[in-house]
Amino acid sequence: MKRNLVEMVLSVTFGTAMALFILAGCGNADAAFVGIGGDETATEDTVAVTDSEEDTKEVIAVSSTELEAPYFERGVYVNYAEEAEDPDLTYFYVFDDEGAGYTADGEHEGIGLPFCCEQEGGTVKFSFGGMDAMGEEIFTVDAVENGAVKGHYDDGLELVFVPQTDVDPESFDAENYVGKAIDNDYVYNDANGWSVKYDPASFEVNGGGPVTTFVYTGVSAGTNMITATYSVEKNAKETADDLAKTWGADATVSEGNFPGTDDVTGYWVTLPTTEEGSGLYMTAIVRDYMGGTLMFECTEHKSGNEFLDMEVSDALASIIDSINFTA
């Protein structure tokens, strides 16, 4: 089995044994690398080193007559096949140090494998899934140019590894790194099996335990936020009815499809805004979930400025619309 991006199917929860594999593949680089014993004349070909979609650098390949270990240093490398025409730049090797790290898929949270490695003699000996867990795979290094590594596993497929200079391996999150480059969104993955996307420039996230809040930090009137709560005390219908009573006589309860699902009933509790007072407007969506209830409660304050209020509502709605379930 080869550890290249076209043939590997990987999955791991770190700190536990490998559970499954997932197919991953990406990339092309119109690059010229000069390997061991290559021509000492510099070439004019280039390889794109992408830190993000908005920040792309070019590295001019220069000649090299000798490669010295380590070839990979502590850091994050995006990995893709040289022959592909349009690299996705979503798969990474994260080196905690020169001898260990893990792979990460920026499009699939939790996908990857830990590895140990030995770098010497123009090769990198990888042990994926932990020492001896899956046997050893040998990656032959053909060239190292300005930190970018080119080489192949035994099947001969040429792979390129490009260091990402704007991240620290200790805090690296592949899914958020890719999401930020594509649409400015981060992903919040909750331990209870749900996730949402949010713009880190517009929201402060406070997670942990059964309650998570997404507080809007842009210009607005009053507090605007989403509170996600998981509880095992009541079912969804009881929770919705009790919440409506708490909000008062103007609150209503209706049924509809719960966001992020095709066939799960959600109970919508709505408290319309009034012309007087603070402009408070509240909505909650509740569903039965994992033996209890999951509720997303939206708190908004209307300013009277239509443009400003719409911007806040759209930001909160984008989180609700992105709800996804893995449990």
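This briefing walks through two helices, the aromatic pairs, the cysteines and some backbone details of the structure above. Please keep in mind that the model is predicted. Helices α3 and α2 each turn a buried face toward strands, as the arcs of their buried residues and the strands that cover them show. The structure also holds 29 aromatic pairs, while a search for disulfides comes back with zero.

**Helix α3**

- Helix α3 takes in residues 306–321, and its 16 residues should span 22 Å at 1.5 Å a residue; the end C-alpha atoms are indeed 22 Å apart, so the two values agree.
- Its buried residues are Leu308, Asp309, Val312, Ser313, Ala315, Leu316, Ile319 and Ile320.
- Looking down the axis of α3, you will find these buried residues within an arc of 155°, so they line one face of the helix.
- The cover over that buried set includes β14 (194–198), β15 (203–206), β16 (211–216) and β17 (225–231), along with β20 (280–289) and β21 (292–301).
- Glu306, Phe307 and Asp321 are exposed on the other side of α3.
- The N-terminal end of α3 is capped by asparagine 305, which places a side-chain oxygen 3.1 Å from the backbone nitrogen of phenylalanine 307.

**Helix α2**

- Helix α2 (residues 236–247) has 12 residues, and the distance from its first C-alpha to its last is 17 Å, close to the 16 Å expected at 1.5 Å a residue.
- Ala236, Thr239, Ala240, Leu243, Ala244 and Trp247 are the buried residues of α2.
- Seen down the axis of α2, the buried residues fall within an arc of 130°, so they too line one face of their helix.
- Strands that cover the buried residues of α2 include β18 (252–257) and β19 (265–271), together with β20 and β21.
- Lys245 and Thr246 are exposed on the other side of α2.
- At the start of α2, asparagine 235 has a side-chain oxygen that comes to within 3.2 Å of the backbone nitrogen of lysine 237.
- Just after α2 comes glycine 248, with a positive phi near 110°.

**Aromatic pairs**

- Phenylalanine 139 and tyrosine 153 are one of the aromatic pairs: their arrangement is edge-to-face, with 5.2 Å from centre to centre and 65° between the planes.
- Phenylalanine 139 sits in strand β10 (residues 136–145) and tyrosine 153 in the loop between β11 (148–152) and β12 (158–163), so this pair ties together parts that are 14 residues apart in sequence.
- Phenylalanine 139 is buried, with a relative accessible area of 0%, and tyrosine 153 is buried with a relative accessible area of 0%.
- For phenylalanine 258 and phenylalanine 325, the ring centres are 6.1 Å apart and the planes are at 55°, so the pair is tilted.
- This pair links distant parts of the chain, 67 residues apart: phenylalanine 258 is in the loop between β18 and β19, and phenylalanine 325 is in strand β22 (residues 324–325).
- Both phenylalanine 258 and phenylalanine 325 are buried.
- One aromatic cluster is formed by Phe72, Tyr77, Tyr93, Phe95, Phe115, Phe126, Phe128, Phe139, Tyr153 and Phe161.

**Cysteines**

- The search of the whole structure finds zero disulfides, and cysteine 116 is in none; the nearest cysteine sulfur, in cysteine 117, is 7.7 Å away.
- A disulfide would need the two sulfur atoms within 2.5 Å, so the 7.7 Å from the sulfur of cysteine 117 to that of cysteine 116 is too far for a bond.
- Cysteine 117 is buried, with a relative accessible area of 9%.

**Backbone details**

- Most peptide bonds are trans, and most residues other than glycine have a negative phi.
- The peptide bond from alanine 69 to proline 70 is cis, with omega near 0°, and proline 70 lies in the loop between β4 (55–60) and β5 (75–81).
- Leucine 89 is not a glycine, yet its phi is positive, at about 55°; you can find leucine 89 in the loop between β5 and β6 (91–97).
- Asparagine 146 also has a positive phi, near 50°, and belongs to the loop between β10 and β11.
- Asparagine 146 is exposed, with a relative accessible area of 54%.

Methods:
Residues are numbered from 1 along each chain as its sequence is written. This is a predicted model: local features need pLDDT of at least 70, side-chain atom pairs count only at pLDDT 80 or more; totals for chains, interfaces and linings use all residues. Side-chain values use heavy atoms; hydrogens and water are left out. Buried means under 20% relative accessible area, exposed over 50%, partly exposed in between (1.4 Å probe, protein chains only). Helices (H or I, at least four residues) and strands (E, at least two) are DSSP runs, numbered from the N terminus. The expected span of a helix is 1.5 Å times one less than its number of residues. The arc is that of the directions from the helix axis to the C-beta atoms. Contact means heavy atoms within 4.5 Å. A polar contact is a pair of N or O atoms within 3.5 Å; within protein, one must be able to donate a hydrogen and the other to accept it, and residues adjacent in sequence count only if both atoms are side-chain atoms. Rings of Phe, Tyr and Trp (its six-membered ring) pair if their centres lie within 6.5 Å; planes under 30 degrees apart count as stacked, over 60 as edge-to-face and the rest as tilted.
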